[in-house]
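The following exercises are to be worked through with the sequence and the coordinates at hand. Each task is followed by a solution in steps.

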Amino acid sequence: YQAKRERREFVVYHSDSDNHTPERLALHTQLSRAIRENCLALHYQPKVRLSDRQVVGFEALLRWPHPEKGMISPGDFIPLAESTELIHPLTHWVLDEALGQLRRWQEQGLGTCLAVNISPHNLLNPGFTEELRELLASHQVAAEWLELEVTEGALMADPERALRSLLAIRELGVTLSIDDFGTGYSSLAYLKRLPTQLLKIDRTFVSAMTHNASDAMIVQSTLALAHNFSMQVVAEGVEDEATAAALNRLGCDIAQGYYFGRPMPAAGVEQWRAAYGQP
Ligand code: C2E
Ligand code: CA
Ligand code: CA
Ligand code: CA
């Protein structure tokens with residue numbers, strides 16, 4: 001009996017992805033407070049069109065400057081928020097902040113698209129489209145300027161419901177993008193039905209493509225597939241000129257990565273634009 005109980009506790013502890021440890025619970029409470037007290041931040045990473053190297057937009061990436069632990073990366077606290085209802089106020093905060101920034105840029109004459117990452121839980125939340133409509137209206141930002149990135153894997157939890165939500169969001173005029181493409185398992189039949197305009201090739205395939213033939217082949221096949229479905233392709237994780245040039249030769253539309261610009265606070269964006277050579 002004892003052995004069985006121990007085994008069960010062992011399983012529970014790990015299958016709940018460690019969320020119930022005292023440390024995780026404390027972090028959850030602190031994250032909840034950080035959202036309420038406006039202590040999170042967004043950093044912005046540029047997206048560049050490969051044919052002429054013009055900046056076509058930015059992606060908002062969430063940051064949590066923690067008082068004791070320093071900057072916590074989203075990969076460490078988003079899964080925590082996703083394990084509870086906290087993901088809803090968290091995404092609301094991100095959208096509110098991103099749309100506020102978009103509005104300020106527009107007032108400064110820097111019209112640009114801004115992409116925001118959303119979680120599968122947001123997509124499957126029945127009130128999400130309405131929430132989005134209200135946020136766009138309250139910031140007076142036209143939906144065309146906002147892009148939502150949804151990971152390919154996220155769509156697979158409930159493909160039919162995900163598709164219905166994407167159609168409703170698309171109706172608002174928001175641009176949709178499939179993130180981390182190549183890491184999920186969506187079928188071609190499903191992809192064909194998606195109302196998405198953009199597809200982002202995962203960094204794992206892009207970063208090695210100049211010296212790994214099979215990664216280059218994956219990039220090439222993804223480009224053919226996306227273009228056949230009339231989607232534009234964004235390559236993420238571009239870290240050098242050789243990769244940018246190779247992507248351009250293969251007909252990739254847009255690139256993002258440290259080579260062009262790291263994610264930076266809004267205050268750094270103007271300076272980055274000037275250094276990059278664009279107003
Ligand atoms: P992602 O959406 O795939 O974002 C790209 C990640 O790659 C970012 O990590 C970015 O900083 C990093 N990156 C960009 N260019 C390069 C490069 O050239 N080389 C390398 N090595 N890395 C690069 P980050 O900011 O740590 O975000 C990690 C993930 O957390 C994101 O992956 C996204 O899935 C999630 N995330 C970030 N912000 C949010 C948010 O506001 N809401 C939600 N739901 N998820 C978010
Ligand atoms: Ca993304
Ligand atoms: Ca990605
Ligand atoms: Ca990713």
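**Exercise 1.** How are the donor residues of the calcium ion (ligand 3) spaced in sequence?

*Solution.* The model is predicted: local features need pLDDT of at least 70, side-chain atom pairs count only at pLDDT 80 or more, and totals for chains, interfaces and linings use all residues. Residues are numbered from 1 along each chain as its sequence is written, chains are lettered from A and ligands numbered from 1 in the order in which they are written, and side-chain values use heavy atoms, with hydrogens and water left out.

Step 1. Identify the donors, that is, N, O and S atoms within 2.8 Å of the metal (3.2 Å for Na, K and Ca); water is not among the atoms, so sites may look incomplete. For the calcium ion (ligand 3) they come from Asp179 (OD), Asp180 (OD) and, twice, Glu236 (OE), at 2.1 to 2.6 Å.

Step 2. Read these residues along the chain: the spacing is D-D-x55-E.

Step 3. Place the ends of this pattern. Asp179 belongs to strand β6, whereas Glu236 sits in the loop between β8 (232-235) and α12 (241-249), so that the pair links distant parts of the chain, 57 residues apart. Helices (H or I, at least four residues) and strands (E, at least two) are DSSP runs, numbered from the N terminus.

**Exercise 2.** Which residues coordinate the calcium ion (ligand 2), and which residue bridges it and the calcium ion (ligand 3)?

*Solution.* Step 1. Glu59 (OE), Asn117 (OD1), Glu149 (OE) and Asp179 (OD) coordinate the calcium ion (ligand 2) at 2.1 to 2.3 Å. Their spacing along the chain is E-x57-N-x31-E-x29-D.

Step 2. Asp179 bridges the two calcium ions, ligand 2 and ligand 3, which lie 4.0 Å apart.

Step 3. Asn117 lies in strand β4 (residues 113-117) and Asp179 in strand β6 (residues 175-181), so the pair ties together parts that are 62 residues apart in sequence.

**Exercise 3.** Are Asp179, Glu236, Asn117 and Arg164 buried, partly exposed or exposed?

*Solution.* Step 1. Apply the cut-offs: buried means under 20% relative accessible area, exposed over 50%, and partly exposed in between (1.4 Å probe, protein chains only).

Step 2. Asp179 is buried, because its relative accessible area is 6%. Glu236 is also buried, at 12%.

Step 3. Asn117, at 29%, is partly exposed. Arg164 is exposed, at 52%; this residue lies in helix α8 (residues 159-172).

**Exercise 4.** Which residues lie closest to the centre of the largest pocket, and which strand gives the most to its lining?

*Solution.* Step 1. Define the search: on a 1 Å grid over the protein atoms alone, a pocket is an open set of points where a 1.4 Å probe fits, with protein on both sides within 12 Å along at least five of seven lines, and lining residues have an atom within 4 Å of a point.

Step 2. The largest pocket has a volume of about 960 Å³. Of its 35 lining residues, Glu59, Leu61, Pro74, Asn117 and Asp179 are the closest to its centre.

Step 3. Strand β2 gives the most to this lining, with five residues.

**Exercise 5.** In which sense do β4 and β5 pair?

*Solution.* Step 1. Two strands pair if DSSP finds at least two bridges between them.

Step 2. β4 and β5 pair in the parallel sense over four bridges. Ala115 stands opposite Glu147 in β5.

Key. Points joined across faces, edges and corners; volume = space filled by probe spheres on them.
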